[in-house]
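Visitor: Walk me through the labels on this one, please. I'd like to hear what stands behind each of them.

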Amino acid sequence: MGLLDGRKAVIFGIANEKSIAWAIAQAFRREGAELAVTYANDTVAKRVIPLAESLDAPLVLPCDVRSDEDIRKVFAEIEKKWEGLDILVHSVAFANKEELKGSFLNTTREGFSMAMDISAYSLIAMVKEAYPLMKGRPASVMTLTYYGAQRVFPSYNAMGVAKAALEASVRYLAESVGPDGIRVNAISAGPLKTLAAAGVGGFNQIAGHVEQKAPLRRNITQDEVAGSALYLASDLASGVTGEVHFVDSGYNIIGL
Ligand code: 0WD
């Protein structure tokens, strides 16, 4: 008996085997879920398609989250295949490299709107399309965020503001879809060496600091994030919505 036996889950944001979304996909499959997996573009397709196939995903679909049309197509395919949907994982973020270094004052209009569009608005766009498929089921939506939404970290800049918008969107969405039984939460993960993290200036400095100062005196792993994702996706978290759940070795509770 798995925690997610028979549940249908769609996962956005696998880029390679280091991706947080990949650890989540594996955990969900292990617990009995059926998976739909999306990939951002042809470059990542070569890596994502074999990974998805190794988890017997019956749906592997392209989706650039900047496109309403792409998002609509993903949920149309899900409806055809499964009729309904139980779990949605949003593990997608992007900002131009120039936005992720130096002073926040150098944030550009274009860079800001791109970070907001891909990293925050996309969750709203997805939930809009998922809503009719999730309605009336004990459904769970989750996204990935970072503490840079709530406190200032060097170089995180426009992405910090986008994550703040994402966390606020989690609360507003939770209220919008809650009456239909759908839960919406965020996991705030500690620093992890992934493709996305490679774009953030000073990443190693941040990870080193966590190791010294966090209550657990170490960094977290992708599998630890997946454990919390599993909890949020399952009936164990049936009373939990609108939350930002930290998986960060406790770093966020420290003052000095
Ligand atoms: O330290 C970290 N790695 C943390 C990551 C700490 C806390 C939170 N997070 C968040 C990220 O901000 C993101 O929201 O976790 C989420 C997943 O990130 P990840 O697993 O660390 O990184 P990665 O494996 O790169 O996955 C993010 C993916 C993209 O990868 P690339 O590197 O190709 O940009 O987001 C996807 C893409 O697959 N993505 C898009 N998907 C669809 N359409 C788009 C797009 N336009 N842009 C990026």
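Guide: One yardstick to start: buried means under 20% relative accessible area, exposed means over 50%, and partly exposed is in between, with a 1.4 Å probe and protein chains only. This is a predicted model, where local features need pLDDT of at least 70 and side-chain atom pairs count only at pLDDT 80 or more, while totals for chains, interfaces and linings use all residues. Numbering runs from 1 along each chain as its sequence is written, and side-chain values use heavy atoms, with hydrogens and water left out.

Visitor: Okay, why does Glu-34 count as partly exposed?

Guide: Its relative accessibility is 29%, which falls between the 20% and 50% limits, so partly exposed is the label. Glu-34 lies in strand S2, residues 34-39. As for the name, a strand is a DSSP run of E with at least two residues, a helix is a run of H or I with at least four, and numbering goes from the N terminus. Glu-34 also sits 44 Å from Leu-256, C-alpha to C-alpha, with their positions 222 residues apart in sequence.

Visitor: What makes Val-60 and Pro-58 count as partly exposed?

Guide: Val-60, in strand S3, has 25% relative accessibility, so it lands in the in-between class. Pro-58, in the loop between H2 and S3, has 33%, so it gets that label too. Their partners in space make a nice pair of examples. The C-alpha atoms of Pro-58 and Lys-81 are separated by 8.6 Å, at 23 residues apart along the chain; those of Val-60 and Ile-253 are separated by 39 Å, at 193 residues apart.

Visitor: What is odd about the phi of Asp-56?

Guide: Most residues other than glycine have a negative phi. Asp-56 is not a glycine, yet its phi is positive, about 55 degrees. You'll find Asp-56 in the loop between helix H2 (42-54) and strand S3 (59-62). Its relative accessible area is 52%, over the 50% limit, so it is exposed.

Visitor: And what can you say about the phi of Glu-83?

Guide: Glu-83 isn't a glycine either, and its phi is positive at about 70 degrees. Glu-83 belongs to the loop between helix H3 (68-82) and strand S4 (87-90). With a relative accessible area of 67%, over 50%, Glu-83 is therefore exposed.

Visitor: Now, why is Ser-234 called buried?

Guide: Ser-234 has 0% relative accessibility, under the 20% limit, so buried it is. Ser-234 is in the loop between H8 and strand S7 (244-247). By contrast, Asp-42 in helix H2 is at 63%, so it counts as exposed. Asp-42 and Ser-234 lie 32 Å apart, C-alpha to C-alpha, and 192 residues apart in sequence.

Visitor: Which backbone atoms lie 3.1 Å from the side chain of Ser-234?

Guide: The backbone oxygen of Tyr-231 lies 3.1 Å from a polar atom of that side chain, and the backbone nitrogen of Leu-236 lies 3.1 Å from one as well.

Visitor: What makes the Ser-228 and His-245 pair a polar contact?

Guide: The term asks for N or O atoms within 3.5 Å; within protein, one must be able to donate a hydrogen and the other to accept it, and neighbours in sequence count only if both atoms are side-chain atoms. The side chains of Ser-228 and His-245 come to 3.4 Å, so the contact counts. Ser-228 lies in helix H8, residues 222-233, and is buried because its 13% is under 20%.

Visitor: On to the ligand: which residues come nearest?

Guide: Ser-19, Ile-20, Lys-163, Leu-192 and Thr-194 do, out of 29 residues around the ligand, where near means having a heavy atom within 4 Å. The shell divides into 20 nonpolar, six polar and three charged residues. Strand S5 (140-145) and helix H6 (195-198) each supply at least two of them, and H6 gives the largest share, three residues.

Visitor: How do you know that Lys-163, Leu-192 and Val-65 make polar contacts with the ligand?

Guide: A ligand oxygen is 2.9 Å from an N or O atom in the side chain of Lys-163, an oxygen is 2.8 Å from a polar backbone atom of Leu-192, and a nitrogen is 2.9 Å from a polar backbone atom of Val-65. Each distance is within 3.5 Å, so each counts. Taken alone the ligand exposes 860 Å², and the protein buries 90% of that, by the Shrake-Rupley method with a 1.4 Å probe.

How values were computed. Nonpolar A, V, L, I, M, F, W, Y, C, P; charged D, E, K, R; others polar.
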